[in-house]
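Trainee: Hi! Could you walk me through this structure before I head back to the bench?
Mentor: Happy to; let's open it up.

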Amino acid sequence: MTCAEFENIVHELARPDALDKSAAVRAKFHAQTCERCANRLAQAQVLALAFDEAAQDAERLEAPAHIESALVSAFREHRRSLERNRHRERRTRLRWLEWSALAAAAALLLAIGAWNFSRPRIEQTKRNGRAVVTNPVNSNANGAAPQTELVETVTAEGLNTDFVPVPYGESLSPDDSGLVVRVSMTRSALGSLGYPVDEVHAGDVVQADLLVGEDGLPRAVRLVQ
Amino acid sequence: MPDEAEPRDEELLRRMMGGDDDAFRSFYLRHQRPIYRFALHMTGRPESAEEVVQEAFMTLIREGAKFDSARGTPQGFLFGIARNHVRRLVESDSRFVPLAEDDDLHVRAGQASLSYGLGESLSDGLARAEITERVHRAVLALPAHYREAVSLCDLQGFDYAAAAKALGCPIGTVRSRLARAREMLVAKLRPAAAPLKKPSTAAGGAR
């Protein structure tokens, strides 16, 4: 063993069982043959002894009891604080869920209302004493131009028959709102509009509703009874 | 170190994080002494050592969930926290800057007092106390990273591996710091370190 190798292990050599047996034997043999290394070993042993004394003295050293009490109290307070925070977070989450559910319900109601509002329907308004009919726009299965629907309404003037389309007229376009005009005419004039009339009463004057397009041409006629 | 019948540190820490009082108390009782002694060796003041213990365990209570078993042991985690607190204390108090040889700072070793075993003479006890105080004073004069290694290995009996985990450095670093620290201590203690029992060079044993 060289002096450099000895110096590397001298402090372990000063402690029992810190080195394996063969290394300890070689090191001690070297110390017996080298005065400088023997002095180094003596110094290391003195230091190890001093450390042992200090370590034994320190065996009784520990933190005072009041620190344990304070820390256990702090631990319990921290745990309570965490539980309060968890409870608060749970309540906040539930509140968000409630508001989200309300918002979703409101949105659904609005959607239903909007859908209902946008559905086509027949409404009747009066303008200048004339009945104005807005006809629904429906196309038949073949996609042909929408036909005027025959409706039966009860008005203040009396019960009307269904509208009969004029034979030569075009049906109302989807954009055409149409106008119902009440007129007085002879039965024979009704006949020219395609309404069935018997010859006996051809000269009678009757009241009729004409469904007139925006172009002014009649599209249908009905008798006011 | 806990025996096999006692729960491991990782188990105690896990239960602590779940709010178990008893687990916290067990963990504290198991580790407060090494932490206290380490802080005392590093600062030389019992009040500072108490403060370090309290702060280290308070930090553990608040941040114990950050412990990662893949990165080390719970003891190493706790020592890391304690070292940070010691470093802050040392930086804030210039009293703990390495001392000159003739400084008359009195180092009190906590509850240590003159103590001697049965059958020893008073002079042996006084010599023992003097040696203890000189060792503490010499250790306090070491640079902080050497002082840490000496505190754990030479004054508390940690092996190299345990000290390396506590200090968060490789085993080789612990060995080299210890070797250098011991050389410095031999130089400091040489004049007055008259051993109570002169070692026998033939046997080569110190104990």
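Mentor: First, a term we'll need: helices here are DSSP runs of H or I with at least four residues, and they are numbered from the N terminus. Also keep in mind that this is a predicted model.

Trainee: Got it. So what comes right after H7(B)?
Mentor: Gly168(B) follows H7(B), and the phi of Gly168(B) is positive, near 70 degrees.

Trainee: And which residues of helix H7 of chain B are buried?
Mentor: H7(B) covers residues 160–167, and its buried residues are Ala162(B), Ala163(B), Ala164(B), Ala166(B) and Leu167(B).

Trainee: What do those buried residues pack against?
Mentor: Three helices of chain B: the buried residues of H7(B) pack against H4 (74–92), H6 (144–154) and H8 (171–189).

Trainee: Switching topic, how many residues does each chain put into the contact?
Mentor: Chain A gives 39 residues and chain B gives 45.

Trainee: Which elements of chain B give two or more residues to the side that touches chain A?
Mentor: Those are helix H2 (21–43), helix H3 (46–63), helix H5 (122–140) and H8 of chain B. H2(B) gives the most to that side, with 9 residues.

Trainee: And what is the nonpolar, polar and charged split on that side of chain B?
Mentor: On the side of chain B that touches chain A, 21 residues are nonpolar, 13 are polar and 11 are charged.

Trainee: At what angle do H3(A) and H8(B) pack?
Mentor: H3(A), residues 35–58, packs with H8(B) at an angle of about 90 degrees, and their axes are 10 Å apart. So H3(A) is roughly perpendicular to H8(B).

Trainee: Which residues make that contact?
Mentor: From H3(A) there are Gln43(A), Leu47(A) and Ala50(A), while H8(B) brings Arg182(B), Leu185(B), Val186(B) and Leu189(B). By type, the residues of this contact divide into 5 nonpolar, 1 polar and 1 charged.

Trainee: Now the strands. How many bridges join S6 to S7 in chain A?
Mentor: There are 8 bridges between S6(A), residues 179–186, and S7(A), residues 205–212, and the two strands run antiparallel. Leu179(A) stands opposite Val212(A) in S7(A).

Trainee: What about S7(A) and S8(A), parallel or antiparallel?
Mentor: Antiparallel, with 5 bridges joining S7(A) to S8(A), residues 218–223. In this pair, Asp209(A) stands opposite Arg222(A).

Trainee: What sits in the turn there?
Mentor: S7(A) and S8(A) form a hairpin with 5 residues between them, and Gly216(A) in the turn has a positive phi of about 90 degrees.

Methods. Residues are numbered from 1 along each chain as its sequence is written. Chains are lettered from A and ligands numbered from 1 in the order in which they are written. This is a predicted model: local features need pLDDT of at least 70, side-chain atom pairs count only at pLDDT 80 or more; totals for chains, interfaces and linings use all residues. Two strands pair if DSSP finds at least two bridges between them. A residue is buried if 20 or more other C-beta atoms lie within 10 Å of its own, exposed if 12 or fewer, and partly exposed in between; C-beta atoms are placed from the backbone. Two residues are in contact if their C-beta atoms, placed from the backbone, lie within 7 Å. Ala, Val, Leu, Ile, Met, Phe, Trp, Tyr, Cys and Pro count as nonpolar, Asp, Glu, Lys and Arg as charged, and the others, Gly among them, as polar. Axes are lines fitted to C-alpha atoms, for helices over the stretch in contact, and angles run from 0 to 180 degrees between N-to-C directions. Angles under 35 degrees count as roughly parallel, over 145 as roughly antiparallel, 65 to 115 as roughly perpendicular and the rest as oblique.
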